[in-house]
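Colleague: I'm after a close look at the pocket in this one, and at whatever sits around it in the fold. Take your time and go piece by piece, please.

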Amino acid sequence: MTDPAARTASIRHARHLRGTLRLPGDKSITHRALILAAIAEGESRIRDGSDGLDCNSTAGALAALGVRIERRGSAEGGRVDRLVRSPGRGGWSEPAGVLDAGNSGTTLRLLAGVLAGTPLRAVIDGDDSLRRRPVARIIEPLRRMGATVHARAADTLPPLTVEGRSPLEAIVHRPTVPSAQVKSAILLAGLSARGTVEVREAVATRDHTERMLRDRGVDVTSFEDGDWVVRMEGGATVQPRDERVPGDVSAAAFWLVAGAAHPDAELTLEGVGLNPTRRAVVELLRRMGAEIRVEPLATDASEPVGTLTVSSSRLRAIEVDAADVARAIDEIPALCLAAACAEGTTRIHGAGELRNKESDRIAGIADGLSALGARVAVEGDDLAIEGRAGVPGFGLVGAPVRTLGDHRLAMTFAVAGLLAEGETTLDDAASAAVSYPGFFRDLERVSA
Ligand code: S3P
């Protein structure tokens, strides 16, 4: 089905989908576990962390700052155990070269936050996609805190230069776009701040940073007073801690859509992270009529975890508002595919932030699904997808599709290929390894 030597992949219609999968470690949690282990002095073990390229970029950048990160045992299914030994942030060394964030916006923005409060100079750069990701949203608050931060194109695009300082000033920040990366950058910088740092969001974004800081001894409170507020006492010490990383719900999303849309499917996804700020995709798919069973698991992970079972369902169109988009930001491409298989027209409102991801995901999803025969209209920042339930293959017919080198588009179109009649060819499927290294192996397993 895939040629490992090539970047392209061909996917044929699957007659049925069956199987049980264990997903890669959650990407967001793994980045944070690595960064917090590096800030703390001592040893931290990270079990079942993501072995995707993005998290390996974070590990590589931290190693360049003098943190020792050893992989333990053999990596399997996109999960790897790591032992992190750090002298503590105060013992980091100035990196000799540019820190390479690769394709990873989370590496770029979270590290910029930590480095803002660390008296070193560093330059963070990445691939062509990363060089198109906006950074003004972190430069402005980090400068207000007292760090010296510069970027290309009038301080809007990477590479990013950070000259850190400690202590920083505490600020109250109200991000203009809902972004967990911006919130996290400010909290991580806030570890070096004098006083109380506050981030006020209009929509609650993923809260892994807050939970993990709390678990490591930092005084962080979260509450709602019209805004979603996170308040942290600055000048805090982060304690080392072992972490077991749950399966990535954003990776689960592809299989939830595949299993719900395919007429002969049952898929079980074990050990998936079900943090309330991450599982909107499950709720949105259920609103569409997807049959998804959730069995909560008791584990030693610090986040809620469960097993998800999805089976063939009759999907119907829904309205997705801007708050839903923010809560399911990474799962919207997969959700668009579900919409193409549903009865009626799904409208997705206020999705503009999708243009700032690894690619312009509004254009990418519209072009790719249209190439396969779906009916997708883009109106400004809104998408309208006319589903074709009842038509064989949902009216999807295999064709060459462009993934724009974007992992989530590649995996969405691969799943579309399982539903479509005939053969679908992806120009670049290798990007799946950014978050889900074993994706095509799992695809072969469930469709065999
Ligand atoms: C992430 C936050 C989101 C998301 C990204 C991971 C994180 O980005 O799209 O994949 O780990 O904090 P934004 O904060 O820019 O929305």
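Modeller: First, a bit of vocabulary: a helix here is a DSSP run of H or I with at least four residues, a strand is a run of E with at least two, and the numbering starts from the N terminus. Keep in mind too that this is a predicted model.

On to the pocket. The largest one holds about 500 Å³ of space. Its lining counts 37 residues, and those nearest the pocket's centre are Gln-181, Arg-206, Ile-329, Asp-330 and Lys-357. Helices 1 (27–39), 3 (105–116), 6 (180–190), 10 (322–327) and 13 (407–419) are the elements that each give two or more residues to this lining. Helix 10 has the largest share, with 4 residues. By chemistry, the lining splits into 16 charged, 13 polar and 8 nonpolar residues.

Where does that put the pocket in terms of domains? Domain 1 (9–25 + 246–447) and domain 2 (27–244) each supply at least three residues to the lining of the largest pocket. That split comes from the domain assignment, which makes domain 1 out of two stretches, 9–25 and 246–447, and domain 2 out of 27–244. Going by C-alpha atoms, the domain centres are 28 Å apart. As for the contact between them, 30 residues of domain 1 meet 32 residues of domain 2.

Now follow helix 6 away from the pocket. Helix 6 lies across strand 11, strand 13 and strand 15, and its direction makes about 175° with that of strand 13. Those strands belong to an open sheet of 4, ordered 11-13-15-14, with mixed pairing. Strand 11 (172–173) and strand 14 (220–224) are the edges, each pairing on one side only. Strand 13 (residues 196–201) and strand 15 (residues 228–233) run antiparallel, joined by 6 bridges. If you want a spot to click on, Arg-200 stands opposite Val-229 in strand 15.

Next, the sheet that starts at strand 20. Here 4 strands make an open sheet with the order 20-21-23-22, again with mixed pairing. Its edges are strand 20 (319–320) and strand 22 (375–379), each with a partner on one side only. Helix 11 (residues 332–340) packs on this sheet, touching strand 20, strand 21 (343–348) and strand 23, and its direction makes about 40° with that of strand 23. Helix 12 (residues 361–371) lies across strand 22 and strand 23, at about 155° to strand 22.

You can walk through the pairing strand by strand. Strand 20 and strand 21 are parallel, with 2 bridges, and Glu-319 stands opposite Arg-347 in strand 21. Strand 21 then pairs antiparallel with strand 23 over 6 bridges, where Ile-348 faces Leu-383 in strand 23. Finally, strand 22 and strand 23 (residues 382–388) run antiparallel with 5 bridges between them; Arg-375 has Glu-386 in strand 23 as its bridge partner.

Don't mix the open pocket up with the enclosed space. The structure has 1 cavity of 30 Å³ or more, and the largest cavity has a volume of about 40 Å³. Among the residues lining that cavity are Asp-26, His-208, Arg-278 and Glu-303. The cavity lining comes to 4 nonpolar, 4 polar and 3 charged residues.

Last, some backbone details to check before you set anything up. Most residues other than glycine have a negative phi, and most peptide bonds are trans. Ala-154, though, has a positive phi near 55°, and this residue sits in helix 5 (residues 152–155). The Pro-158 to Pro-159 peptide bond is cis, with omega near 5°, and Pro-159 is part of strand 9 (residues 157–163). Ser-166 and Pro-167 are also joined by a cis bond, with omega about 0°; Pro-167 falls in the loop between strand 9 and strand 10 (168–169).

Methods
Residues numbered from 1 in each chain as written. Predicted model: local features only at pLDDT ≥ 70, side-chain atom pairs only at ≥ 80, totals over all residues. Heavy atoms only, no water. 1 Å grid on protein atoms, 1.4 Å probe; cavity = no way out; pocket = protein on both sides within 12 Å on 5 of 7 lines; lining within 4 Å. Points joined across faces, edges and corners; volume = space filled by probe spheres on them. Nonpolar A, V, L, I, M, F, W, Y, C, P; charged D, E, K, R; others polar. Pairing = 2+ DSSP bridges. Contact = heavy atoms within 4.5 Å. Axes fitted to C-alpha atoms, helices over the stretch in contact; angles between N-to-C directions. Domains from an automatic or database assignment.
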